[in-house]
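The following note sets out points for a colleague who will work with this model. It proceeds from the chain as a whole to individual residues.

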Amino acid sequence: MTDGAHAATGPGRTPREVATHCPYCALQCGMTLREESGRATVLPRQFPTNRGGLCQKGWTAAELLDHPERLTTPLLRDPAGGGLRPASWDAALDRIVTGLRTVQRGHGRDAVAVFGGGGLTNEKAYALGKFARVALRTRNIDYNGRFCMSSAAAAGMRAFGIDRGLPFPLADLGRADTLLLVGANPAETMPPLVRWLTEQRERGGRLIVVDPRVTATARQADLHLQPLPGTDLAVANALLHVALTEGWIDRDYVAERTSGFEAVRRAVAGWWPARAEALSGVPVADLEATARALGTAERVIILTARGAEQHAKGVDTVTGFVNLALALGLPGRPGSGYGCLTGQGNGQGGREHGQKADQLPGYRRIDDPAAREHVAGVWGVPAEELPGPGVPAYELLDSLGTPAGPKALLVFGSNPVVSAPRAARIEGRLRDLDLLVVADFLLSETAALADVVLPTAQWAEEDGTMTNLEGRVLRRRALRPPPPGVRTDLEILADLTARLRGGGVGADATDPRVVFAELRRASAGGIADYAGVTWERIDERDGVFWPCPDEDGPDTPRLFADRFPTPDGRARFHAVEHRPAAEEVCAEYPLHFTTGRVLAQYQSGTQTRRVAALRRAAPDAFVELHPDLAGRLGIGDGEPVRVVSRRGELRAPARLSTAIRPDTVFAPFHWGGAARANSVTNDAVDPVSGMPEFKICAVRLERVDEP
Ligand code: SF4
């Protein structure tokens, strides 16, 4: 199918339509955007992942294009201590450049930091990484994707030598005989994906869900395992233990395609199901039934998502399920495998092209001399000028404004005041900066703290590419130009580069097609090789799967058919042991707290909380608790409650539900202010991925009696 922009026929006014994708999550559903008489609307579009379906967020996405709160002029904070005031672009950019120069002169290049986002297009993510390394020459860049998929990414790299969310097309889900979802709730986070689950079950497949809550997805499952938060790794090891005991291991596959199995076999020998039941609460019979469904079926897919990954042991937990998949011989077998359901719209591409503290474009390591030479050559700078690796997102945010940390921060496409763990502390760090610059199209909670706010274009106002959860590179197409006074992120980066460096270092391309051509060259030969991906090729079909090193060669919808991209071509087992959560319950904080999403809101809510229909569907935060717990604490449905941890508290109405365990409370993380879930969450991070422990901490719950 050739998809692109065209003018719909008709007398009089000429409506315009473009084939594009939803601005929100990693499913990147195909949609048609139509503009008529100045009004933009969303129409369905057949695309392989969503097959014409969209969730409520997608259907209402165009509302923000003309939203009255849209930023259309730069804002400068009054130096006399006042609020944000409209300013010219020249005044705003001068203020930024003067501030950056002052900070770097006084404290060194690394005193300026950059924080990106998993919603930025590939072109912007690439340009932002280049801007940090070439124009600012700082090592301090990272992005909010660190809070999203980093544990699965690290586990994938160490097992398979590559990190691609799904190593097969999404359609494979519909053909799986057994599908195991661990910590994933696509019925609320990616509703169009549920069609594949329905198809899978209509073909006679079994769906098994592992989740501490009885989610909308769990309700559709044939079997729901409801472990205590933070015990998924014990469940994974017990499943492998049963598979070993019952003789369901694919010994030929293990011998020919993997290494390191013996250590894993020894490690899981002690994970008999009764031990896992004692820890997780999942009955032995359910563990055995799950292992049987996985071990005896022909086509088996195991998927993890944030529920398993957002832990201080997230990498090991994912590794536990990867070990299980490898032992059963799944990765590379048709219709089978392990995958991760990535979260943000360009969570995949955003981490491939240079926003991550330790990476250069093409998923190259920034500490690899050959990688530095290659990328520096594309950028036209000496390799020794490129800074070394920076630090992961939370460590970076937590160092802001401290004596040893950065004194200035530029934020693109992120709202850490709501989305960072231990958010009150991070908010304080942001306030301590000498200069905070935020580029956004709405005044997010983070932008409201800024010294300079730059109004940016929205998704339907610029071209670019995104890479969805399958590793499929897609075209995002502009419906209309940005409103007067608004610039694209690429234009902003080019303006700043020109002012900082006087041009000449190449980070000045404002045409996304030109930036993408450079990205292809920079990624050539890397793990995430886009060299053979062209916009024309994407247009000719429904996207191009990376790696795609050759313009005339094939792309790669399915990975691992013959070998893994490791030095010896084998996948690598790693023995992993369950360990307790970073913070355990105690007399003072006797309950587990976990966070997640609701169907009608997205991430920090900056966008979706401003869409009328979504606000009606999910107007406010809430605290979900079991009626038994509510009865013990004397809390009624709808009554205001306070969730208190060692780091802070959130206040929201109680929502009584048997979907939650009586020892656990849940709150969605889409709201700021008093209802901010991340005021409570734990900032302990995974030692490998830097992923914070969003999904479990110890709290107490109190009824709020005062008004
Ligand atoms: S599932 Fe994701 S990509 Fe699809 S419409 Fe909803 S938010 Fe958009």
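1. Helices and strands are here DSSP runs, with at least four residues for a helix (H or I) and at least two for a strand (E), numbered from the N terminus. On that basis, the chain contains 23 helices and 29 strands. The radius of gyration of the chain is 24 Å, close to the 27 Å that the globule rule gives for 707 residues, so the chain is as compact as a globular protein of that length. The model is a predicted one, and the remarks below should be read accordingly.

2. Overall dimensions and surface. Along the principal axes, the C-alpha atoms occupy a box of roughly 70 × 70 × 60 Å. The exposed area of the chain is about 23,400 Å², of which carbon and sulfur atoms supply 50%. Among the 707 residues, 65% count as buried.

3. Contacts and charges. When contacts with a separation of 6 or more are considered, 73% of them are between residues 24 or more positions apart. The chain carries 83 positive and 86 negative charges, and the mean positions of the two sets are 1 Å apart.

4. Nonpolar cores. In soluble globular proteins, nonpolar side chains tend to be buried together. The largest nonpolar core of this model has 116 residues, and within that core Phe 160 and Leu 410 touch the most other members. Helix α7, residues 232-246, gives the most to this core, contributing nine residues. A second core, separate from it, has 74 residues, including Leu 64, Leu 65, Ala 305 and Ala 652.

5. Surroundings of Leu 410. Which residues are in contact with Leu 410, leaving aside its neighbours within four places in sequence? They are Ile 96, Leu 100, Val 112, Ala 113, Val 114, Phe 115, Leu 136, Val 437 and Leu 496.

6. Backbone geometry at Pro 547. Most residues other than glycine have a negative phi, and most peptide bonds are trans. The bond joining Trp 546 and Pro 547 is a cis peptide bond, with omega about 0°. Pro 547 itself lies in the loop between β22 (544-545) and β23 (571-572). Is Pro 547 buried or exposed? Its relative accessibility is 18%, and the cut-off for buried is under 20%, so Pro 547 counts as buried.

7. Partners of Pro 547. Apart from neighbours within four places in sequence, Pro 547 is in contact with Arg 164, Ile 527, Asp 529, Asp 555, Thr 556 and Leu 559. Pro 547 and Gln 348 are 199 residues apart along the chain, and their C-alpha atoms are separated by 13 Å.

8. Positive phi values. Phe 560 is not a glycine, yet it has a positive phi of about 70°. Phe 560 lies in the loop between β22 and β23 and, at 7% relative accessibility, counts as buried. Gln 603, also not a glycine, has a positive phi of about 45°. The place of Gln 603 is the loop between β24 (591-596) and α22 (612-617).

9. Strand β9 and the loop after it. Leu 179 is found in strand β9 and is buried, with 0% relative accessibility. Leaving aside neighbours within four places in sequence, Leu 179 is in contact with Leu 173, Leu 197, Gln 200, Arg 206, Leu 207, Ile 208, Ile 301 and Leu 303. The C-alpha atoms of Leu 179 and Ala 221 are separated by 9.6 Å, and these residues are 42 apart along the chain. Asn 185 is located in the loop between β9 (178-182) and α5 (186-189). With a relative accessible area of 12%, Asn 185 is buried. Beyond its neighbours within four places in sequence, Asn 185 is in contact with Thr 215, Ala 216 and Thr 217.

10. An exposed proline. Pro 334 lies in the loop between α13 (314-327) and β14 (337-340). Is Pro 334 buried or exposed? The relative accessibility of Pro 334 is 65%, and exposed means over 50%, so this residue counts as exposed. The C-alpha atoms of Pro 334 and Arg 175 are separated by 10.0 Å, with the two residues 159 apart along the chain.

Technical notes: Residues numbered from 1 in each chain as written. Predicted model: local features only at pLDDT ≥ 70, side-chain atom pairs only at ≥ 80, totals over all residues. Heavy atoms only, no water. Rg over C-alpha atoms; globule rule 2.2 N^0.38 Å. Buried < 20%, exposed > 50% of the residue type's maximum accessible area, 1.4 Å probe, protein only. Contact = heavy atoms within 4.5 Å. Areas by Shrake-Rupley, 256 points an atom, 1.4 Å probe, with all protein chains shown as cover. Lys, Arg positive; Asp, Glu negative; His and termini not counted. Charge placed at Lys NZ, Arg CZ, Asp CG, Glu CD. Core = buried A, V, L, I, M, F, W, Y, C linked by side-chain atoms within 4.5 Å.
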